[in-house]
Structures are given as C-alpha cells and as structure tokens.
Amino acid sequence: MTAKKHPAAADAPLSFECELPDPPEKVWRALTEPELLAAWMMPNDIKPEAGKRFAFAGPDAPIECEVLEAEPGRLLRYSWRERPGEDADRLPAFDSIVTFTLTRTVSGGTHLSIVHDGFVPATRPVVAVAGAGCGLSLDARKNPTAANAPCMMLRAA
C-alpha cells in the first residue's frame, strides 16, 4: 500500500498484532536488550527508561529515538526521528512514534501489538511491509537471527 494509491493511509497508523508463545517478560527483553533487539531490528543502544535517548544504526543514517514510556513487560513507546543520510536526495526526513503493547494471554504467552504512528504531517509515509508475521526468535543468544520477524520498511515519499 502506498500513500499515493490510498491518500487516507498517510494519516493512518501502521498496526500489527500477533500472538507469541513466549511470556511478556521474555518478549520485553527482545524489545529492550540492545543485543536481542539488534538481532531482529538494527544495532542500537536502547535503555528502557522514560526520557532516555538512544539510536538505531539505520541503513543511511542513525535513527534518533527517545523513550517516552516504559512499563516493563507491558508497554514501550518511543519517538522515532529518521533523517536522510548522505544520499538525502531520495528521502525526506520524518518523525513518528512507535508503541509496543504486551498483554499476557490465557496460555501464558504474549499478545503483541505494534503501532507506528504520529507521522509528521508534512510527510506522507509510503509503506512496504514484507513478512509482517510476528515469529520473533526470542532465543537470540543461542541464534542471533530472527525467524520470520516483522520486517517493516518505512520511508517518506
């Protein structure tokens, strides 16, 4: 889906939900421990405390973030400020908010909700989502690769 084909999508959040067999405590670690998060996302220096700044090593330039809310095992929300790198001709910058909500399921697993929204109004996101399944490999210490991890590529048009 692109904003050009679906103009309303520019203001709509990107939302993904899935059920994971692992408990919220384990999923929390995959979202907040730098080496585990890097296994399925990007290298980073996250510290899951409100007000802490961190960065992802983005493909073109660092993605600057700040933790807005952190409730261990339940909620992680951070700002996402992506600026174009040296090849700035192709993509403008954009700011947004990423929210992870974890809820324990009856079976002891985790219902994971990921919402990426709050895009700066001046930009219209074009979204390409590949493999939006949620099969995160939470045993990244044994196997540092993600298995069918949500692979979201967000860029401004």
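## A first look at this predicted model

Over residues 139-157, pLDDT (the predictor's confidence in each residue, from 0 to 100) stays under 50, and the model has 63 contacts beyond four places in sequence for this stretch; contact here means heavy atoms within 4.5 Å. This is a predicted model, in which local features need pLDDT of at least 70 and side-chain atom pairs count only at pLDDT 80 or more, while totals for chains, interfaces and linings use all residues. Residues are numbered from 1 along each chain as its sequence is written, and side-chain values use heavy atoms, with hydrogens and water left out.

**Confidence**

- The average pLDDT of the protein is 75, and 62% of the residues score at least 70.
- Residues 1-9 also have pLDDT under 50, and the model has nine contacts beyond four places in sequence for them.
- Among the elements, helix α1 (residues 24-32) has the highest mean pLDDT, at 98, and strand β8 (residues 151-156) has the lowest, at 28.

**Overall layout**

- The protein has two helices and eight strands; these are DSSP runs numbered from the N terminus, with helices being H or I over at least four residues and strands E over at least two.
- Reading from the N terminus, the elements follow the order β-α-α-β-β-β-β-β-β-β.
- Of the 157 residues, 41% count as buried. Buried means under 20% relative accessible area, exposed means over 50%, and partly exposed lies in between, using a 1.4 Å probe and protein chains only.
- When contacts between residues at least 6 apart in sequence are considered, 48% of them join residues at least 24 apart.

**The sheet**

- Six strands form an open sheet in the order β1-β6-β5-β4-β3-β2, with antiparallel pairing. Two strands pair if DSSP finds at least two bridges between them.
- At the edges lie β1 (14-20) and β2 (53-56), each of which pairs on one side only.
- On average, neighbouring strands of this sheet are turned by 20 degrees against each other, direction ignored.
- As background, strands of a sheet pair through backbone hydrogen bonds, either parallel or antiparallel.
- Seven bridges hold the antiparallel pair β1 and β6, where Phe 16 stands opposite Ile 114 in β6.
- β5 and β6 run antiparallel and are joined by eight bridges; Leu 102 stands opposite Leu 112 in β6.
- The hairpin of β5 and β6 has five residues between the strands, and in it Gly 108 takes a positive phi near 95 degrees.
- Strand β4 (residues 75-82) pairs with strand β5 (residues 94-104) in the antiparallel sense over eight bridges, and Tyr 78 stands opposite Val 98 in β5.

**Helix α1 against the sheet**

- α1 packs on the sheet, touching β1, β3 (63-71), β4, β5 and β6 (110-117), and its direction makes about 160 degrees with that of β5. Here axes are lines fitted to C-alpha atoms, for helices over the stretch in contact, and angles run from 0 to 180 degrees between N-to-C directions.
- Pro 24, Val 27, Trp 28, Ala 30, Leu 31 and Thr 32 are the buried residues of α1.
- These buried residues pack against β1, α2 (34-40), β3, β4, β5 and β6.

**A residue to look up: Ser 96**

- Ser 96 is found in strand β5, and it counts as buried because its relative accessibility is 3%.
- The side chains of Ser 96 and His 116 are joined by a polar contact of 2.6 Å. A polar contact is a pair of N or O atoms within 3.5 Å; within protein, one must be able to donate a hydrogen and the other to accept it, and residues adjacent in sequence count only if both atoms are side-chain atoms.
- Leaving aside neighbours within four places in sequence, the residues in contact with Ser 96 include Tyr 78, Trp 80, His 116 and Phe 119.

**Salt bridges**

- The structure holds eight salt bridges, each a side-chain nitrogen of Lys or Arg within 4 Å of a carboxyl oxygen of Asp or Glu.
- Glu 25 forms a salt bridge with Arg 104, with the closest N and O atoms 2.4 Å apart. This pair links distant parts of the chain, since Glu 25 is in helix α1 and Arg 104 is in strand β5, 79 residues apart.
- Glu 25 is partly exposed, with a relative accessible area of 45%, and Arg 104 is partly exposed with a value of 45%.
- Lys 26 forms a salt bridge with Asp 22, where the closest N and O atoms are 3.6 Å apart; Lys 26 counts as partly exposed because its relative accessibility is 22%.
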